[in-house]
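User: I would like to go through some of the labels attached to this model and hear the reasoning behind each of them.

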Amino acid sequence: MTGFIEDAEANRARVLAHVRAWCDGATIDGARRDLSDSAAVLIAAGRLEPSMRHILLARCRAGVGVPSVGGFAQVREMAERLDRTEKMMRGLERGARLMALSLRAEDLRRRLHAVRSRVVGSAVIYPGGVRGVRRERREGVHLTVAQRTELFGMLCWTPVPQPDGRGYVVSVGSAAIADVASAAAARVDRLGEGSSSAAALRRVESWGRPVAPDGTGPLHFNDRYETLLYLAGVYFDHITVSPTWLSPVFDMQRIQVDLGAEVVALSVDTAELQQLYRALAHTASSTTSLDVRLQVEQRTRVLDGVWDQLVERVASLARIFGALGNVERHLGEARAADQARNLDHRIDELVGRSGGHEMATENLYRIGEEVEIGGFSYAPYQSLVAREIAELTAARG
């Protein structure tokens, strides 16, 4: 057990170092994996006002999401393509190029308007009658049309890898979370005028070390904040669909943590941290006072500690995911051993008929004893997952 703990501590430090390096470099080595609708909504909720966060969390817990549009990564990409197209149109007075760009922009507006209409006005997801609205209000899951529209604006900022390292945001520049609410609202207004888990991000070794099985990557992001939230969403997706996490083995651990609330809290803290960093940078650039600059540096160091804590929290999610991967691997081995034991009687009959009954049976007993001696215990992994959950929730508190 001592050796297991030592290995766990080493892996813990290794995973933390990887997450920190990915965020600081805004780059992840691996295959692209778009966030699920649930992860995208939870990350968007962190940028909305508290009452909407509570509603969206309640909807998540109740299994009531938003209308599926095939992934909100495509919404982000279409919105940014529209921004780029509109920027290229500026300065062009006439000609074939302007006409082609105008047609492209109109097509993007039409497609985005269709997606927004689906998200905001779906009769399948949202109640159409008074009784349905009253029921949702009693359950604390009702979203008004205005709130759905605001949510769609935030979903336009779902973290996604950049297509070629140049970034999606062009006409709005590297817009920070501090400006995202007004920018997204303006984008939604503008759109109104005009008209996944198949690919894994990475294959994980014992504790979340990424391996790109197909050699794809690296994935580039706008900044470290988007990288952090993307990782949080990816690990949330992996954990919440894990058969092991949903099995009785981890009943206690599932009670101990609300992963949806943790993702929302990470999004809230990340958004506020970025706002504060930008405010301090603006203050420093607009003064010549040495005293003011020293005060800015002191406050920046305090915020650096908050950033470190955010990285730790995402690393905790990565370590939980890694622990579940280990358990799933051993569960697969145990199932294979069970299947082999279930074949014993048929093997015995066949061996008996072939005249080698005694030797073969002795061999099977020896194999069975080796499996039992090397039996796998879930307890150490349950303990480690519980520790990561405690760290994750304590950091938020």
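**Labels and their reasons**

Analyst: Glu 136 counts as buried, because its relative accessibility is 5% and buried means under 20%. Please keep in mind that this is a predicted model.

User: What makes Arg 59 and Glu 136 a salt bridge?

Analyst: The closest N and O atoms of Arg 59 and Glu 136 are 3.9 Å apart, and the definition asks for a side-chain nitrogen of Lys or Arg within 4 Å of a carboxyl oxygen of Asp or Glu, so the pair qualifies. The salt bridge links distant parts of the chain, with Arg 59 in helix H3 (residues 50-61) and Glu 136 in helix H6, 77 residues apart.

User: Is Arg 59 buried or exposed?

Analyst: Arg 59 has a relative accessibility of 1% and therefore counts as buried, the limit being under 20%.

User: How do you know that Asp 258 and Arg 61 meet in a salt bridge, and why is Arg 61 called exposed?

Analyst: The N to O distance between Asp 258 and Arg 61 is 2.7 Å, which is to be set against the limit of within 4 Å. Arg 61 counts as exposed because its relative accessibility is 55%, where exposed means over 50%. Asp 258, with a relative accessible area of 29%, is partly exposed, since that label covers values between the buried and exposed limits.

User: Why are Arg 110 and Asp 107 said to be separated by about one helical turn?

Analyst: Arg 110 and Asp 107 are 3 residues apart in helix H5 (residues 96-121), and so about one helical turn separates them. These two residues also form a salt bridge, in which the closest N and O atoms are 2.4 Å apart.

User: What makes the aromatic pair of Tyr 225 and Trp 307 edge-to-face?

Analyst: The planes of Tyr 225 and Trp 307 stand at 75° to each other, with 5.6 Å centre to centre; centres must lie within 6.5 Å for a pair, and planes over 60 degrees apart count as edge-to-face, so both conditions are met. Tyr 225 lies in helix H9 (residues 224-240) and Trp 307 in helix H12 (residues 290-342), so the pair ties together parts that are 82 residues apart in sequence.

User: Why is the pair of Tyr 235 and Phe 321 called tilted?

Analyst: The ring centres of Tyr 235 and Phe 321 are 5.7 Å apart and the planes are at 50°, which falls neither under 30 degrees, as stacked would need, nor over 60, as edge-to-face would need, and the pair is therefore tilted. Both Tyr 235 and Phe 321 are buried.

Note on methods:
Residues numbered from 1 in each chain as written. Predicted model: local features only at pLDDT ≥ 70, side-chain atom pairs only at ≥ 80, totals over all residues. Heavy atoms only, no water. Phe/Tyr/Trp six-rings, centres within 6.5 Å; stacked < 30°, edge-to-face > 60°. Helix = DSSP H or I, 4+ residues; strand = E, 2+ residues; numbered from the N terminus. Buried < 20%, exposed > 50% of the residue type's maximum accessible area, 1.4 Å probe, protein only.
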